[in-house]
Amino acid sequence: MIYMSFFIGLILICKGGDWFVDAASKLSEILGIPKYVIGATIVSFATTMPEIIVSVAAALDGHSAMAIGNAVGSVSANTGIILALSLFFLPVAIKREEYLFKNSLYIGTLLLLLISFKDRIFDRADCLLLLLAGILFLVENVKNAVCKKEVSNSKRKKEDMILHKKIQAGKNGEKKVKNKRSSIWETFFWFCIGAVCIVAGSELLVHSACKIAEILHISEDIISVTIVAMGTSLPELVTTVTAILKKESSLSVGNIIGANMIDSAFILPICTLLSGEKLPVSLQMAQIDMPLCILISVLALLPMLIRQKIKRRDGILVFSIYAGYLLYICWAI
């Protein structure tokens, strides 16, 4: 039953996250928020919702090791498995200017986390710079979205003119109004259902993971950076596999960098501020897990910026190091 609860919690989080974010995006559109702003902010949190909720739930329940381990472990899993898949299956040329600022900000955020872990305590003083980095990342996303919006304006103006003519002609006008009203209630319903699933799923996942750790005599640090972290990274994996099938390398790499940046900059500050307590950092996290996270991130992203090309060997190298890390910590059990 404990193992079943773990997987049910995982399914509830992933599916509830989809419903919640989709509904939130539609509600924002109804309220008049521009789509490009929604895409650059709300959608950026879409695939990271499981990690955020699970870590917050763990911190509020007093399981700080799981809160920190899930946050850092998810970044490592995203990079060591999911980004490695993208690098291997989508070796293409890239534009350095599209990735330079975001990649630099992301690596800088990881270094800030490493520094904050040195005293083995994560407190409110460590939150400020991380939150600033995260906000800067979101602002940059909005700026890029605005630029893309301006470029595509000419196409959309033609579409708007056609739509305006149809509305003026009164074609399906009343039907559209009725559909919009019913759509608001339907969207709000799925928004609530998604929120309930996320909360219930996170509670199931955290409690069952702690029980599994007790039964197997494994520390919460190990469980959180492996099973829990990989489980909450499933949305990123689905997005990446879809991008690989559609041969969209920029979408795949961009999604992982964005998800990792949000995990690094927001999860632990949110946990600390909501719980109102300092989060103790384990020795393994400070000396092994966090340095490994930085190493594979640098190995994955730096060659891309230097030679402006993704190569298969980069993916193989990153995956091999991550696999070696998993074998090491499992062997240490």
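What percentage of the 333 residues in the chain is made up of buried residues? In this predicted model, buried residues account for 46% of the chain. The fold has 13 helices and 2 strands. Of the contacts between residues at least 6 apart in sequence, 86% join residues at least 24 apart.

A good guide through the model is helix H4, residues 64–89. Let's take its packing partners in turn, starting with helix H3, which spans residues 49–60. The axes of H3 and H4 lie 6 Å apart, at an angle of about 160°. Angles over 145 degrees count as roughly antiparallel, and H3 and H4 are therefore roughly antiparallel to each other. Their crossing is right-handed. On the H3 side the contact uses Glu51, Val54, Ser55, Ala58 and Ala59, while H4 brings Ser64, Met66, Ala67, Asn70, Ala71, Ser74 and Asn78. By class, these residues are 6 nonpolar, 5 polar and 1 charged.

Next comes helix H9, residues 220–232, whose axis comes within 7 Å of that of H4 and crosses it at roughly 50°. That angle makes H4 oblique to H9, and the crossing is right-handed. Among the H4 residues that meet H9 are Ala65, Gly69, Gly73 and Ala77; H9 answers with residues including Ile223, Val225, Val228 and Ala229. The contact of H4 with H9 holds 9 nonpolar, 6 polar and 2 charged residues.

The third partner is helix H12, residues 283–307, which packs against H4 at an angle of about 30° with the axes 10 Å apart. Since angles under 35 degrees count as roughly parallel, this makes H4 roughly parallel to H12. The crossing of H4 and H12 is left-handed. From H4, the contact includes Ile68, Val72, Val75, Leu83 and Leu87, and from H12 it includes Met285, Leu292, Ile296, Leu301 and Met304. In this contact, 13 residues are nonpolar, 5 polar and 1 charged.

Now for the nonpolar core. In soluble globular proteins, nonpolar side chains tend to be buried together. Here the largest nonpolar core has 74 residues, and Phe117, Phe122 and Leu268 touch the most other members. Which residues are in contact with leucine 268, leaving aside its neighbours within four places in sequence? They are Ala67, Ile68, Ala71, Leu113, Phe117, Phe122 and Leu279. Three of these names bring us back to H4: Ala67 and Ala71 take part in its contact with H3, and Ile68 in its contact with H12.

How values were computed
Residues are numbered from 1 along each chain as its sequence is written. This is a predicted model: local features need pLDDT of at least 70, side-chain atom pairs count only at pLDDT 80 or more; totals for chains, interfaces and linings use all residues. Side-chain values use heavy atoms; hydrogens and water are left out. Axes are lines fitted to C-alpha atoms, for helices over the stretch in contact, and angles run from 0 to 180 degrees between N-to-C directions. Helices (H or I, at least four residues) and strands (E, at least two) are DSSP runs, numbered from the N terminus. Angles under 35 degrees count as roughly parallel, over 145 as roughly antiparallel, 65 to 115 as roughly perpendicular and the rest as oblique. A crossing is left-handed if the near helix is turned anticlockwise from the far one by less than a right angle, and right-handed if clockwise. Contact means heavy atoms within 4.5 Å. Ala, Val, Leu, Ile, Met, Phe, Trp, Tyr, Cys and Pro count as nonpolar, Asp, Glu, Lys and Arg as charged, and the others, Gly among them, as polar. A nonpolar core is a set of buried Ala, Val, Leu, Ile, Met, Phe, Trp, Tyr and Cys residues joined through side-chain atoms within 4.5 Å. Buried means under 20% relative accessible area, exposed over 50%, partly exposed in between (1.4 Å probe, protein chains only).
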